[in-house]
Amino acid sequence: MTKPESLLSVRRPLDPLAATLVLILCAVWGFQQVAIKDVAAQAAPVMQLAIRFGGASIFFGLWVIISEGRRAFSDGTLPSGLLLGLMFSLEFVFAGQALLHTTAAHSVVFLYTAPIFTALGLQFLPEEAMSRLQWAGIGVAFFGIAIAFLSFSGPPAVELLSGDLLALLGGASWGLTNVVLRRGRVGGASTAKTVLYQVATAGLLLGAFAVATGQTQVQLSTMTVLSLVFQTLIIAIASYLAWFWLLRRYLTSRLMLLSLLTPIFGVLFGAALLGDPVDLRFGLGALLVLMGVLIVNLQLIWRR
């Protein structure tokens, strides 16, 4: 007897394949910070983002038109798709501007509050509800991130707090992006169309923001071109396809929690390639992050 479609589409806990794929994505996303920073003197970060999302929107736009034809956007997903794109765009606007006022360490800490906002937004869904032990695991993970990345030196307190708030808004936007995807009609759209809503909206809004703020300078060089190609093909196309494939098959809150490893990869790549310092505090913080992830996923293993 064939199982009902509703049962076949139920999202499940992470298995070894999903966990491995998320770890690869974390490493790729962690490296993107190095790719952007390395050519920031030749191309403003917000302009790099606008270019990569613009390139990705061409790829996904052609995919959607070829596969779905002229009626691609008459399926009722446009309103929630545009909302999804807006939240996605705001994440990058807030995160980029936060770096103008606060340290990169502070920015990473508050940007990666995203799983909290996702979990809060999905608590009314029974299969996404987290137990007290799992919430404790999230707390341990975020405490580890704070120890690993938080720096107490830098800009004056008022400017530092304004940057921290912008980064927190970026984390909220990212987290709520997953809520929109889970609850809106866009969640039933094809992966290509879902990504198109985000990258096309982000390309337009970030491009407009770059023009409005005078951050459109781009000096072409071998490294700049390689960085933009990597950001477009690997980050904005391949990694997003893989991420949304995961979101459609596995529990969102578990995926978001494991994505907390991204800033650790970012710091490791920064230390190896840019000479950023890594001290014992980072080692302790990284251990606590891994412990938090383990606490959550151990309970999932016990349930199975």
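**Salt bridges, helices and core of a predicted model**

Student: Which residue's side chain meets that of K193 in a salt bridge of 2.8 Å, N to O?

Tutor: The model is a predicted one. In this salt bridge, the nitrogen of K193 and an oxygen of its partner are 2.8 Å apart, and the partner is E68. The pair links distant parts of the chain, with K193 in helix α9 and the other residue, in helix α3, 125 residues apart from K193. The residue asked for is E68.

Student: Where does D75 lie, the residue that meets K193 in a salt bridge of 2.6 Å?

Tutor: The side chains of K193 and D75 meet at 2.6 Å, N to O. This pair also links distant parts of the chain, 118 residues apart. K193 is in helix α9, whereas D75 is in the loop between α3 and α4.

Student: How many salt bridges does the structure hold?

Tutor: One joins K193 to E68, and another joins K193 to D75. E68, D75 and K193 are thereby linked in a network of salt bridges. For the structure, the number of salt bridges is two.

Student: Is K193 buried or exposed?

Tutor: Its partners E68 and D75 each have a relative accessible area of 31%, so both are classed as partly exposed. A residue counts as buried under 20%. K193 has a relative accessibility of 1%, and therefore K193 is buried.

Student: What distance separates the end C-alpha atoms of helix α3?

Tutor: Helix α3 covers residues 45-68 and has 24 residues. At 1.5 Å a residue, this helix should span 34 Å. The end C-alpha atoms agree with that expectation, at a separation of 34 Å.

Student: Which helices are included in what covers the buried residues of α3?

Tutor: The buried residues of α3 include V46, L49, A50, F53, F60 and V64. Three of these, V46, L49 and A50, are touched by L206, as is F53. The cover over the buried residues of α3 includes α2 (16-38), α4 (78-98), α9 (191-212) and α10.

Student: Which residue just after α3 takes a positive phi?

Tutor: Helix α3 consists of residues 45-68. Just after this helix, a phi of about 75° occurs, and the residue that takes it is G69.

Student: Which helix gives the most to the largest nonpolar core?

Tutor: The largest nonpolar core has 66 residues, and those with the most contacts inside it are F53, F60, L206, Y240, W243, L246 and L255. The greatest contribution to this core is nine residues, and the helix that gives them is α10.

Student: Is F244 buried or exposed?

Tutor: F244 is found in helix α10, which comprises residues 222-247. Leaving aside neighbours within four places in sequence, F244 is in contact with L181, T191, T194, V195 and Q198. Its C-alpha atom is 9.5 Å from that of L181, although the two are 63 residues apart in sequence. F244 has a relative accessible area of 5%, so F244 is buried.

Student: Which residues are in contact with T224, leaving aside its neighbours within four places in sequence?

Tutor: T224 lies in helix α10. At 1% relative accessibility, T224 counts as buried. With sequence neighbours within four places left aside, its contacts are V39, Q42, A43 and Q219.

Student: What is the relative accessible area of I234?

Tutor: I234 is in helix α10 and is one of the residues making a nonpolar surface patch of about 550 Å². The largest share of that patch, four residues, comes from α10. I234 is classed as partly exposed because its relative accessible area is 36%.

Student: How far apart are the C-alpha atoms of L122 and N178?

Tutor: L122 lies in the loop between α6 (114-121) and α7 (132-149). With a relative accessibility of 1%, L122 counts as buried. L122 and N178 are 56 residues apart along the chain, and their C-alpha atoms are separated by 9.1 Å.

Student: What share of the residues in the protein chain is buried?

Tutor: The secondary structure of the chain comes to 13 helices and zero strands. Among contacts with a separation of 6 or more, 90% are between residues 24 or more positions apart. The accessible surface comes to about 14,400 Å², of which 72% belongs to carbon and sulfur atoms. Of the 304 residues in the chain, the buried share is 51%.

Definitions and conventions. Residues numbered from 1 in each chain as written. Predicted model: local features only at pLDDT ≥ 70, side-chain atom pairs only at ≥ 80, totals over all residues. Heavy atoms only, no water. Helix = DSSP H or I, 4+ residues; strand = E, 2+ residues; numbered from the N terminus. Buried < 20%, exposed > 50% of the residue type's maximum accessible area, 1.4 Å probe, protein only. Contact = heavy atoms within 4.5 Å. Expected span 1.5 Å × (residues − 1). Core = buried A, V, L, I, M, F, W, Y, C linked by side-chain atoms within 4.5 Å. Patch = residues over 30% accessible without salt bridge, like charges linked within 9 Å, V, L, I, M, F, W, Y side chains within 5 Å. Areas by Shrake-Rupley, 256 points an atom, 1.4 Å probe, with all protein chains shown as cover. Salt bridge = Lys/Arg side-chain N within 4 Å of Asp/Glu carboxyl O.
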